[in-house]
Amino acid sequence: MKGLLGELKARVEEYKRMTTLLRQELSSSELSSLDVAIQRLENLRIVVSAFGETNSGKSALLNALVQKNNQDYNSQFFSVSPDINKWDDEIERNNRKFWKELEGFEIILQDTPGIAGDNPEHLQKAKKFAEGSDVILYVIWPAIKGKEVLVMQELLSTKQPLIFVINKTDIQEEDQIESLKADLYRKIPNLNDEMIVMAAGKPMRKAPPIISDLENKIFSIVTREPETLISETLQRLGNKAAEVAAIRIRQRAEEEKRKQEQLVRDKEEKISKLTTEAEGIITGYSIAASAVAGLVPFGLDFITSTLISSGMFFHIASLYDKEQDLGDVSSIAKELSSELFSLLFVSAAALTTFLTISKGAKTNPFTYIIGLALDAAFTYFVVSSIGNTFSYYCANNLSWGVKKNASEVLREYIRKNIFELFIDKLPSRFREQILKLINPDLLR
């Protein structure tokens, strides 16, 4: 016994560690069955529960076991309350009774709600008690029905020690009992004779209860390996609790994922609205810059575009709630303008040729308007390109320190929009000439 107690103590500590891990995921009521089972293992208590239909005689059978050799058959140790669906500590105490001590273990008998009464909650409550029991007495009277067959099969699948008790045999003929057994075998094919016991918890005419075979069957199961009975119950409860915990962890992870996805969608929706507003701001500043470009010499367009772009950057930054000072926006405007020229014209000669074409167009009275249009279209394109690049960086909360990224964003914008914003707005006689000056990589 000393060695057994040491082994049980180790098992108790193992299960306590398991419940500690599960406590964050399970409710107190869900953990209670585990805690109770652990206490039973510590206190060497085995629970035998009576399970079955309403009026099958469960309570009478348990009363007979408790008061064997007591001729006061009117004593009711077990009596299931009509309010069992409101199960509380007092009702539980009234339906759990000490029966016997066997090989150092206390055997506790437990009654459960009838599974076929008017209250549909009784079945679930009865199942819960069955889950936390070490041995189940499935009390049958009269013949089992369809719903009951499913419950039997479910209990059998748990591999718990299960005794099928054909009750009230005192009021049944031998052929009726055999017919009931045959019906059982037909409906539950994996039954065998060793699992079936005949009994009568409260015989007619005050005869002694017929419970000896049932008592012996319970003893044979309990004495085999009593500590294993409780340990297996704990293992079943622990496995179920772990499954529930895993489901909740997965559900919480999925819920968190949905929340994060919703946050991303909300952010994308917000950014989309801000980007649309920014496009309107950029268009306004680009038109203003192109109008100014038509009034000043082309050589000064870079300066005026930078100044106008600086104001545009302040406006865009405030839209995205980004703080920028004058030095920052001026520096960014210069960097992006310079980067645009270097991307657009691969050589200084190409830029010089472009300036010459613009100036030449303005020197001739017949082409002066064309020269102004060339300046205006180019300035609109420059301001629009660097404005949209700046807006992209604000929208994506990127850093200007990564110049390679800035260049890639600007290059991609130019490639996508150069024809729409610049080339297609040029007079046809200048279009081919200007196309020869532009970096061919941007025209692909």
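This section describes strand pairing, salt bridges, a buried threonine and aromatic contacts in a predicted model.

Strand 2 (residues 96-102) and strand 3 (residues 105-110) run antiparallel and are joined by six bridges. The two strands form a hairpin with two residues between them. In the turn, Glu103 has a positive phi of about 55°. Within the pairing, Glu101 has Glu106 in strand 3 as its bridge partner. The loop between strand 3 and helix 5 contains Thr112. Thr112 counts as buried, at 1% relative accessibility, and its side chain reaches the backbone oxygen of Ala50 at 2.6 Å.

Side chains of opposite charge can pair when their charged atoms come close. In the model, 15 salt bridges are found. One of these is formed by Arg248 and Glu30, with the closest N and O atoms 2.6 Å apart. Arg248 belongs to helix 9 (residues 226-293) and Glu30 to helix 2 (residues 28-43), so this pair ties together parts that are 218 residues apart in sequence. Both partners are partly exposed: the relative accessible area is 29% for Arg248 and 28% for Glu30.

Helix 9 also contributes Lys240, which forms a salt bridge with Glu131 at 2.5 Å between the closest N and O atoms. Glu131 is located in helix 5 (residues 121-131), and the pair links parts of the chain that are 109 residues apart. Lys240 is partly exposed, with a relative accessible area of 39%. Glu131 is likewise partly exposed, at 28%.

A salt bridge within a single helix is formed by Arg186 and Asp183, with an N to O distance of 2.5 Å. These residues are three apart in helix 7 (residues 174-187), and about one helical turn therefore separates them. Arg186 is exposed, with a relative accessible area of 58%, whereas Asp183 counts as buried at 9% relative accessibility. Asp183, Arg186 and Lys187 are joined into one network by salt bridges that share partners. A charged side chain also lies over an aromatic ring: Lys168 is placed over the face of Trp141, at 4.0 Å from the ring centre.

A pair of aromatic rings is described by the distance of the centres and the angle of the planes. The count of aromatic pairs comes to twelve. Among them, Phe313 and Phe390 are stacked, with 4.3 Å from centre to centre and 10° between the planes. Phe313 is part of helix 10 (residues 301-319) and Phe390 of helix 13 (residues 368-395), so the stacked pair ties together parts that are 77 residues apart in sequence. Phe313 and Phe390 are both buried.

The rings of Phe354 and Phe378 have their centres 4.9 Å apart and their planes at 50°, and the pair is therefore tilted. Phe354 lies in helix 12 (residues 348-363) and Phe378 in helix 13, so the contact ties together parts that are 24 residues apart in sequence. Phe354 is buried, with a relative accessible area of 0%, and Phe378 also counts as buried, at 3% relative accessibility. Phe354 and Phe378 belong to one aromatic cluster that also includes Phe341, Phe345, Phe381 and Phe422.

Key: Residues are numbered from 1 along each chain as its sequence is written. This is a predicted model: local features need pLDDT of at least 70, side-chain atom pairs count only at pLDDT 80 or more; totals for chains, interfaces and linings use all residues. Side-chain values use heavy atoms; hydrogens and water are left out. Two strands pair if DSSP finds at least two bridges between them. Helices (H or I, at least four residues) and strands (E, at least two) are DSSP runs, numbered from the N terminus. A salt bridge is a side-chain nitrogen of Lys or Arg within 4 Å of a carboxyl oxygen of Asp or Glu. Buried means under 20% relative accessible area, exposed over 50%, partly exposed in between (1.4 Å probe, protein chains only). A polar contact is a pair of N or O atoms within 3.5 Å; within protein, one must be able to donate a hydrogen and the other to accept it, and residues adjacent in sequence count only if both atoms are side-chain atoms. Rings of Phe, Tyr and Trp (its six-membered ring) pair if their centres lie within 6.5 Å; planes under 30 degrees apart count as stacked, over 60 as edge-to-face and the rest as tilted. A charge sits over a ring if NZ of Lys or CZ of Arg is within 6 Å of the ring centre and within 35 degrees of the ring normal.
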